[in-house]
Amino acid sequence: MKITRIEAIPVRVPRPQSFKSSLGVQLASENAVVRIYTDEGLVGIGEASSIWDRRGSGESETINSFLSEKLIGSDPVRINEISAQMNKYLHRSYPAKAGIEMALYDILGKSMSKSFNEDPEINLSSNDNVAIIQLNKKFDKLDQKLVSIFQKLESKIEGTIVAIE
């Protein structure tokens with residue numbers, strides 16, 4: 001799977017109550033909705049949320065005019081590699097990077113949802129540096145068995161562990 005397009009759309013959402021700080025009064029939240037499209041038809045959605053810095057329009061500009069050209073063609077489920085690539089290109093812009101990461105995790109979840117639903121027990125599938133664990137509904141609490149599973153995984157897998165109930 002490959003990323004074919006990335007877009008960030010600035011949005012302004014009125015607040016129910018104004019937010020006051022030493023920087024002034026905020027009557028609305030200015031964020032950005034991030035969409036990442038793949039060659040398999042999946043679309044991941046994320047949000048770049050910044051209170052003080054460049055807000056939605058600034059973060060959208062960073063994503064649309066800079067990050068998108070660097071990331072198109074990348075495999076969207078190789079999230080750690082993409083994060084490292086973004087850190088290499090940008091020293092800061094944390095909200096822009098976070099919005100892209102959210103959209104990548106959305107794609108990852110959408111791409112794996114069918115395999116999760118097929119296995120009634122614990123399902124472990126690995127995709128390079130990403131491990132996905134599905135927990136059966138019978139586990140109401142994080143019990144000792146689950147703690148043991150996570151400890152074993154941490155010792156074997158370098159990368160991201162995502163727990164899905």
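**Group meeting: a sheet, a helix and a core**

Let's start with one side-chain pair: glutamate 7 and tyrosine 37 make a polar contact through their side chains, at 2.6 Å. Before I go on, keep in mind that this is a predicted model.

So where does glutamate 7 sit? It's in strand E1, and it stands opposite arginine 35 in E2. Is it buried or exposed? Glutamate 7 counts as buried, because its relative accessibility is 16% and the cut-off for buried is under 20%. As for its surroundings, leaving out residues up to four places away in sequence, glutamate 7 touches Val33, Val34, Arg35, Tyr37 and Asn64. Tyrosine 37, the other half of our pair, has a bridge partner too: valine 43 in E3.

Okay, let's zoom out to the sheet. We've got three strands in an open sheet, ordered E1-E2-E3, and the pairing is antiparallel. E1 (3-21) and E3 (43-49) are the edge strands, each with a single partner, so each has one side left without a neighbour in the sheet. On average, neighbouring strands here are turned by 20 degrees against each other, ignoring direction. On top of that there's helix H1, residues 55-71, which packs on the sheet and touches E1, E2 and E3. The direction of H1 makes about 165 degrees with that of E1.

Now the pairings one by one. E1 and E2 are joined by 14 bridges, and they form a hairpin with two residues between them. How many bridges join E2 to E3? Seven, with E2 covering residues 24-38, and those strands run antiparallel. One bridge to look up there is asparagine 31, whose partner in E3 is serine 49. E2 and E3 make a hairpin as well, with four residues between them. Have a look at glycine 41 in that turn: its phi is positive, about 85 degrees.

While we're on E3, check its two faces. Gly44, Gly46 and Ala48 make up the covered face. Val43, Ile45, Glu47 and Ser49 are on the uncovered one.

Last stop, the core. The largest nonpolar core has 22 residues, and the members touching the most others are Val34, Ile36, Ile63, Leu67, Leu71, Ile100 and Leu104. Which elements give two or more residues to this core? That's E1, E2, H1, helix H2 (79-89) and helix H3 (94-118). H3 gives the most, with seven residues.

If you want one residue to click on, try isoleucine 100. Again leaving out residues up to four places away in sequence, isoleucine 100 touches Val34, Ile36, Ile63, Leu67, Leu71 and Met86. And Val34 takes us back to the start, since glutamate 7 touches that valine as well.

That's what I've got for today.

Conventions:
Residues numbered from 1 in each chain as written. Predicted model: local features only at pLDDT ≥ 70, side-chain atom pairs only at ≥ 80, totals over all residues. Heavy atoms only, no water. Pairing = 2+ DSSP bridges. Axes fitted to C-alpha atoms, helices over the stretch in contact; angles between N-to-C directions. Contact = heavy atoms within 4.5 Å. Core = buried A, V, L, I, M, F, W, Y, C linked by side-chain atoms within 4.5 Å. Buried < 20%, exposed > 50% of the residue type's maximum accessible area, 1.4 Å probe, protein only. Polar contact = N/O pair within 3.5 Å; in protein donor to acceptor, adjacent residues only side chain to side chain.
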